[in-house]
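Thanks for coming. I will take you through one structure, and you will want it open while I talk.

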Amino acid sequence: MRTDLFHVFRNTPLGRETFMQSIYFCRTLDITLSVYVPEATQFMMYFDHDAVQVKLDHSYLSDPASAVERARTLAANSGVETRFIDPINRTASNLPDLPTHFSFMCCPRSVSDQASKIGLGYIGPKVRHIIRSATFSVLLTPPVFKPWTSIAVLFGGSDSALNALRTGIVFAERSGFPLDLFIQQEQEPDYYIQRVHAAGLEKVLARCCRQRYEFADGAFDHNLYNLPHDALVLSGAYGHGRIRNLLFGSKMEIAQTTLTTSMLVTGPQATAHLN
């Protein structure tokens, strides 16, 4: 099975920054980049138990005559293996069906709002829907390209957090970058150790973890200041609780409104990892 990241190309300066973030992600982890240059403002993504109709804002169709050439040039100059997606099936004449068998997908924090509305702390409803339904993890990018040189996993003990930790360990091994573990304690300290041990990750984590940030008190957003500013942050999207299918985990919400780095979010259906 090929390991790749899916990117919807936007032919604007803001879109170029996001595309450069995807290119860096793929080059650092030595994976394939799959690019879709949209010809319409809508497309469908069919997952195992759900379907998401994504409506792009019109900036994604900016200067269509140069879009493919610009995307190809940026990808070619990077040296990253790249393939361009040409949808075959369509739900309607103006509604192409895009594949969903990717390992990762890059999203700006919103794909359906004008650039002027896109802020650090705003994740659009369609991106939330993708995270909730997708079998892949979603890379949320900052507005401007920012390389990352370490990996930080926000670990709260949930199943999604364990998946994020597994991915972070593989990222560290594949990239050679150090991994840090961040825990804001809401349970007894032994709880987090037991969750890692039960998942069979204790030994490999001890081998690749550079530093553990563990906080028994203090505000979560204040404690996040201790994370390296150039880390790729990995987080599970959902925690425990009866409303986990409706809302992101509260810690993940705070993190994505506070941190200025790229953030890889693992939803409840996400299972894909690097081989």
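I will begin with Asp30, which is exposed, with a relative accessible area of 60%. The cut-off for exposed is over 50%, so Asp30 falls in that class. Please keep in mind that this is a predicted model. You will find Asp30 in the loop between helix 1 and strand 2, the strand that covers residues 32-36. Its backbone is worth a look: phi of Asp30 is near 55 degrees, a positive value in a residue other than glycine.

There is another aspartate to set beside that one. Asp63 is not a glycine either, and its phi is positive, at about 45 degrees. Asp63 sits in the loop between strand 4, residues 51-55, and helix 2. Is Asp63 buried, exposed or partly exposed? At 39% relative accessibility, Asp63 counts as partly exposed.

That loop brings us to helix 2. Helix 2 runs over residues 64-78. It has 15 residues and reaches 22 Å from its first C-alpha to its last, close to the 21 Å expected at 1.5 Å a residue.

Which residues of helix 2 are buried? They are Ser66, Ala67, Ala71, Ala75 and Ser78. These buried residues lie on the same side of helix 2, because they cover an arc of only 160 degrees around the axis. What covers them includes helix 1, residues 13-29, and strand 5, residues 82-84. Now turn the helix around. On the face away from the buried side you have the exposed residues Ala65, Glu69, Ala76 and Asn77. Just after helix 2 comes Gly79, with a positive phi of about 80 degrees. Here the residue is a glycine, whereas Asp30 has its positive phi as a residue other than glycine.

Last, a pocket. The second largest pocket holds about 300 Å³ of space. It is lined by 18 residues, and the closest to its centre are Tyr36, Val37, Pro38, Glu39 and Ile85. Which element gives the most to this lining? It is helix 2, with four residues. As for the character of the lining, 13 of its residues are nonpolar, one is polar and four are charged.

To recap, helix 2 has its buried residues on one side, exposed residues on the face turned away from them, and four residues in the lining of the second largest pocket. The two aspartates with positive phi are Asp30, in the loop between helix 1 and strand 2, and Asp63, in the loop between strand 4 and helix 2. That is the end of my part.

Technical notes: Residues are numbered from 1 along each chain as its sequence is written. This is a predicted model: local features need pLDDT of at least 70, side-chain atom pairs count only at pLDDT 80 or more; totals for chains, interfaces and linings use all residues. Side-chain values use heavy atoms; hydrogens and water are left out. On a 1 Å grid over the protein atoms alone, a cavity is a set of points where a 1.4 Å probe fits but cannot get out, and a pocket is an open set with protein on both sides within 12 Å along at least five of seven lines; lining residues have an atom within 4 Å of a point. Grid points are joined across faces, edges and corners, and a volume is the space filled by probe spheres set on the points. Ala, Val, Leu, Ile, Met, Phe, Trp, Tyr, Cys and Pro count as nonpolar, Asp, Glu, Lys and Arg as charged, and the others, Gly among them, as polar. The expected span of a helix is 1.5 Å times one less than its number of residues. Buried means under 20% relative accessible area, exposed over 50%, partly exposed in between (1.4 Å probe, protein chains only). The arc is that of the directions from the helix axis to the C-beta atoms. Contact means heavy atoms within 4.5 Å.
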